[in-house]
Amino acid sequence: MHWLLRTIRDLCAPRGCAACDEVVASRVAFCALCAAAVNRHPTGLRTMNSLPIHVPFAYGGALSQAILRLKFERRSDLAEPLGELLVTELRCVPFASSPSSASFAAPITLVPVPSTRERLRERGF
C-alpha cells in the first residue's frame, strides 16, 4: 500500500533534487549534476579510539547543501531521500572479521552527531 501512496505522491508532486530542486525520479536524492558533486570520502574508513568508522561521504558539495537545506530551511521532505542514500551506502559496506580491511566487523552502530542546545532550540530538532 505504501508503494501506491508514494507513486501517487510522485505523480502529483514530483520529488526534487535535495540540493537544487531539479525534478528527480522517485527514491533518488540528487539530480545527475548534483550527484556528480557528492564527494565520497577518500578511503571510506577512519578510526576513532581504535574503532573502525565508516565515513561514506566527504562533507561538502551537493551533500552539504542538502543537509543545510534540511536543517536550516526546515526542509523535512529531504530527510527521506537523504536517509535512503545512507541506507543504500550501508548496504554496500562489506562485513569482515578484520578492522584493518577497509570494512567493518559486525555489528554496525549509527552514531548521531549531537547538536548544541542553541541549535536544537533554533531548529526544533
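## Arg 40 and its partner in α4

In this predicted model, Arg 40 is partly exposed, its relative accessible area being 48%. Its side chain forms a salt bridge with Glu 89, and the closest N and O atoms of the two are 2.7 Å apart. Because Glu 89 lies in helix α4 while Arg 40 sits in the loop between α2 and β1, the pair ties together parts that are 49 residues apart in sequence. Glu 89, unlike a residue that counts as exposed, is buried, with a relative accessible area of 10%.

Helix α4, which covers residues 79-91, also holds Gly 83. At 30% relative accessibility, Gly 83 counts as partly exposed, and its C-alpha is 9.0 Å from that of Ala 29, although the two residues are 54 apart in sequence.

## Salt bridges around Asp 21 and Arg 69

Six salt bridges are found in a search of the whole structure. One of them joins the side chains of Asp 21 and Arg 75, at 3.4 Å from N to O. This pair links distant parts of the chain, since Asp 21 belongs to the loop between α1 (2-12) and α2 (32-35) and Arg 75 to the loop between α3 and α4, 54 residues apart. The two partners differ in their cover: Asp 21 is partly exposed, with a relative accessible area of 38%, whereas Arg 75 counts as buried at 18%.

Arg 69, in helix α3, is buried, with a relative accessible area of 6%. Beyond residues up to four places away in sequence, Arg 69 touches Cys 17, Ala 18, Ala 19, Cys 20, Asp 21, Arg 74, Arg 75 and Leu 78, a list that includes both partners of the salt bridge between Asp 21 and Arg 75.

## A salt bridge within α5

Arg 119 and Glu 122 form another salt bridge, with the closest N and O atoms 3.1 Å apart. Both residues lie in helix α5 (residues 117-123), and because they are three residues apart there, they are separated by about one helical turn. Arg 119 is partly exposed at 36% relative accessibility, and Glu 122 is likewise partly exposed, with a relative accessible area of 38%. Elsewhere, salt bridges that share partners join Asp 21, Arg 69, Glu 73, Arg 75 and Asp 77 into one network.

## The nonpolar core

The largest nonpolar core has 16 residues, and those with the most contacts inside it are Cys 17, Phe 30, Cys 34 and Leu 82. Helix α3 gives the most to this core, with four residues. In soluble globular proteins, nonpolar side chains tend to be buried together.

Once neighbours within four places in sequence are left aside, the contacts of Phe 30 include Cys 17, Ala 18, Ala 19 and Val 24, together with Ala 35 and Val 38. Phe 30 is also in contact with Ala 62, Leu 63, Ala 66, Leu 82 and Leu 85.

## The hairpin and a surface patch

Strand β1 (residues 45-48) pairs with β2 in the antiparallel sense, over four bridges, and in one of these pairings Thr 47 has Pro 52 of β2 as its bridge partner. The two strands form a hairpin with two residues between them, and Asn 49 in the turn has a positive phi of about 55°.

The loop between β2 (51-54) and α3 (61-72) contains Tyr 59, which is exposed, with a relative accessible area of 56%. Together with Leu 68 and Phe 72, Tyr 59 forms a nonpolar patch on the surface, where the three residues have about 310 Å² of accessible area together.

How values were computed. Residues numbered from 1 in each chain as written. Predicted model: local features only at pLDDT ≥ 70, side-chain atom pairs only at ≥ 80, totals over all residues. Heavy atoms only, no water. Patch = residues over 30% accessible without salt bridge, like charges linked within 9 Å, V, L, I, M, F, W, Y side chains within 5 Å. Areas by Shrake-Rupley, 256 points an atom, 1.4 Å probe, with all protein chains shown as cover. Salt bridge = Lys/Arg side-chain N within 4 Å of Asp/Glu carboxyl O. Buried < 20%, exposed > 50% of the residue type's maximum accessible area, 1.4 Å probe, protein only. Core = buried A, V, L, I, M, F, W, Y, C linked by side-chain atoms within 4.5 Å. Contact = heavy atoms within 4.5 Å. Pairing = 2+ DSSP bridges.
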